[in-house]
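Got the sequence and the fold open? Let's walk through them with a few questions and answers.

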Amino acid sequence: MPAKTIFLTTPLYYVNASPHIGHSYTEVAADTLARYHRLAGREVFLLTGTDEHGQKIAQAAADAGKPPQAFVDEVVTRFQALWKTLHISHDDFVRTTEPRHVRAVQQILVRLKDDRKLVEAEYQGWYCTPDETFWTEAELSAAGLLGAAPSCPTCQRPLEPAREEGWYLRLRANQDWLNAFIAKTPDFVRPETRYNELRRLLEQPLPEYLCITRPKSRVSWGIQVPFAPDHVVYVWFDALLNYITVPGYVDDSARFARLWPADVHFIGKDILRHHALYWPIMLHELGLPDRDMPKIFAHGWWRIGEQKMSKSLGNIVDPHAIVGGLLNGQPYAADVYRYFLLREIPFGQDGSFSEEAILKRLNNDLANDLGNLVNRTLSMIGRYCAGRIPAMAPVGCAVEDEPLRAAAVRLPDTLAAALADVQFSAALAGIMEVVSLANQYIEAQAPWQLAKQPEMRPRLETVLRVCAEVVRIVALALTPCMPTVAAAIGQQLGGLDRLTLTPAPSWPGLETGQPIATEHPVLFPRAEGIPA
Ligand code: ME8
């Protein structure tokens, strides 16, 4: 049997407005993990896309004076363009309005109904349109939010009363199963804080049912329920199913077996409830065994300075304004942005976004440390070695070279350990430690002094060869997060091999005498006027 493909997903973002930094965060994280596994020689499938139905989108289309389909057709292109700018290497991009998804959702609904998994009833409760989420009075009361004008426990915005006839999925009847499943699967949701949050949610009884249809009298922009002419599918039920419709749940069992279950559903903490309560219950009701339940990573929330990012505060940050504006003039602006997002905060925690914080990372980590290492190494090879990779002394590494060599060849293990826990900042910090070590090594070995003493020629060559080898391994390790920077370093060095995880990367791995590029332009021009 072929090895299972690593299946990574992002949320399907709502196309009611343009993408912002929050969306790009999840996307860059998922892409970095996908690139890492591909680099390590594994089969990967990265799925992303857009969530195009529901009341919120219908409202945004009406506000724009456009029919919903024309509206979403326009907005989706902004997401696709941004992913291109940010070098997102998805294997598929699904739009929930596509026939392949619509047909599969309808078949799944019919299957659930035929298997008597759905109940027809009337719902009475509250609805959050921005989150497209139902709340029962019992849930609001438990959250202390059931006043004269109840607000949403997730986003605190006002709720609308909802009283709807429709079709329902049983939640409470599945609660014992879900509790038992979660208790025996501590890595179902990461990080641990979110897992604990989920356990706390499950200490309360779940609502009896989840309404999975909406009357057309209220919302008509949705997938037609095949057995209820006056109803469309509830947008969350439709959207979550993408994770199985695309891998072929209804029409390609061989492909489904290869891809499913998802190795990581990347989501923000705001949609934990939908992914960690509703989604496993949907899969369980479809008859999927426990071993086919997916894994979830719910990351934290970016604030703008100390504020929540929101339309009403007018502080939504457009990634284009960062990559094409703030970082204008950076040859690898998208990679600088990717690096900032993943290095700045431990994945899973909240963080504060500011332009100054990006420019500090640019100056300190990238210009002073990484860019400087690459530039010094290549300039000195140009100057002292006629632009060719010098030979390592035949005895191998001297005592003073050994700590740096050892740290560099350990990098794949550092990455493997950090990324097994989806800890991008730890992985990048590990790479940057090697960069700092290499810069200290250059200071201590002072190749410019060695170059003045003809009898030290073999030592000069060894030192520069050690630096070149370290630059090679650093570039390989940076490939998942900074693909174009890594490629540029590779090109300047005259070629890169693949990152091997086991055994450790070859040392040395460059060809003695290989010409380096004649030009090695600065990778990260410094931003001026930023305190260190
Ligand atoms: O919830 N910080 O779509 P959405 C970090 N369509 N991440 C953020 C963020 C912030 N300030 N704001 C948004 C939906 N995100 C549904 C999903 S999935 C089947 C359906 C990211 O457009 C984060 O990943 O509201 C969050 O979960 C997602 O955008 C919500 O995107």
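Q: Where is the place of T48?
A: Before anything else, keep in mind that this is a predicted model. In that model, T48 has its place in strand β2.

Q: Is T48 buried or exposed?
A: Here a cut-off helps: buried means under 20% relative accessible area. T48 has a relative accessible area of 0%, so it counts as buried.

Q: Which residue is the bridge partner of T48 in β3?
A: β2 and β3 run parallel and are joined by four bridges. For T48, the bridge partner in β3 is F93.

Q: What distance separates the C-alpha atoms of T48 and E27?
A: Along the chain, T48 and E27 are 21 residues apart. In space, their C-alpha atoms are separated by 8.0 Å.

Q: In what order do the six strands of the open sheet come?
A: The pairing in this open sheet is parallel. β2 pairs with β1 over seven bridges, and β1 pairs with β11 over two bridges. The full order is β3-β2-β1-β11-β12-β7.

Q: Which strands stand at the edges of that sheet?
A: An edge strand here has a single partner strand, so one side of it is left without a neighbour in the sheet. The strands in that position are β3 (92-95) and β7 (189-190).

Q: What is the handedness of the β-α-β unit made by β1, α1 and β2?
A: β1 and β2 pair in the parallel sense, and α1 belongs to the unit along with them. The β-α-β unit they make is right-handed.

Q: How many residues of β1 are buried?
A: β1 has a paired strand in β2, where G49 is the bridge partner of L12. It also pairs with β11, where V264 stands opposite L8. β1 is largely enclosed by the rest of the structure, because the buried residues number nine of the nine.

Q: Which element supplies the largest share of the shell around the ligand?
A: Four elements each give at least two residues to that shell: β1 (6-14), α1 (21-39), α8 (235-240) and β11 (264-268). The largest share, four residues, comes from β1.

Q: Which residues come nearest to the ligand?
A: There are 23 residues around the ligand. By class, they are 13 nonpolar, eight polar and two charged. Those that come nearest are L12, Y14, T26, D51 and W302.

Q: How much of the ligand's accessible area does the protein cover?
A: Start with the polar contacts: a ligand nitrogen is 2.7 Å from a polar backbone atom of L12, and a ligand nitrogen is 3.4 Å from one of G22. An oxygen of the ligand is also 2.9 Å from an N or O atom in the D270 side chain. On its own the ligand has 680 Å² of accessible area, and the protein covers 94% of that.

Q: Which residue in the turn between β4 and β5 has a positive phi?
A: β4 and β5 run antiparallel, joined by three bridges, and T133 in β5 is the bridge partner of C128. Together they form a hairpin with four residues between them. The phi of about 50 degrees in that turn belongs to E132.

Q: Over how many bridges do β4 and β6 pair?
A: Strand β4 (residues 118-128) and strand β6 (residues 160-170) pair in the antiparallel sense. In this pairing, W126 stands opposite P161 in β6. The number of bridges is 10.

Conventions: Residues numbered from 1 in each chain as written. Predicted model: local features only at pLDDT ≥ 70, side-chain atom pairs only at ≥ 80, totals over all residues. Heavy atoms only, no water. Near = heavy atom within 4 Å. Polar contact = N/O pair within 3.5 Å; in protein donor to acceptor, adjacent residues only side chain to side chain. Areas by Shrake-Rupley, 256 points an atom, 1.4 Å probe, with all protein chains shown as cover. Nonpolar A, V, L, I, M, F, W, Y, C, P; charged D, E, K, R; others polar. Buried < 20%, exposed > 50% of the residue type's maximum accessible area, 1.4 Å probe, protein only. Pairing = 2+ DSSP bridges. Right-handed = clockwise from strand over helix to strand, strands pointing away.
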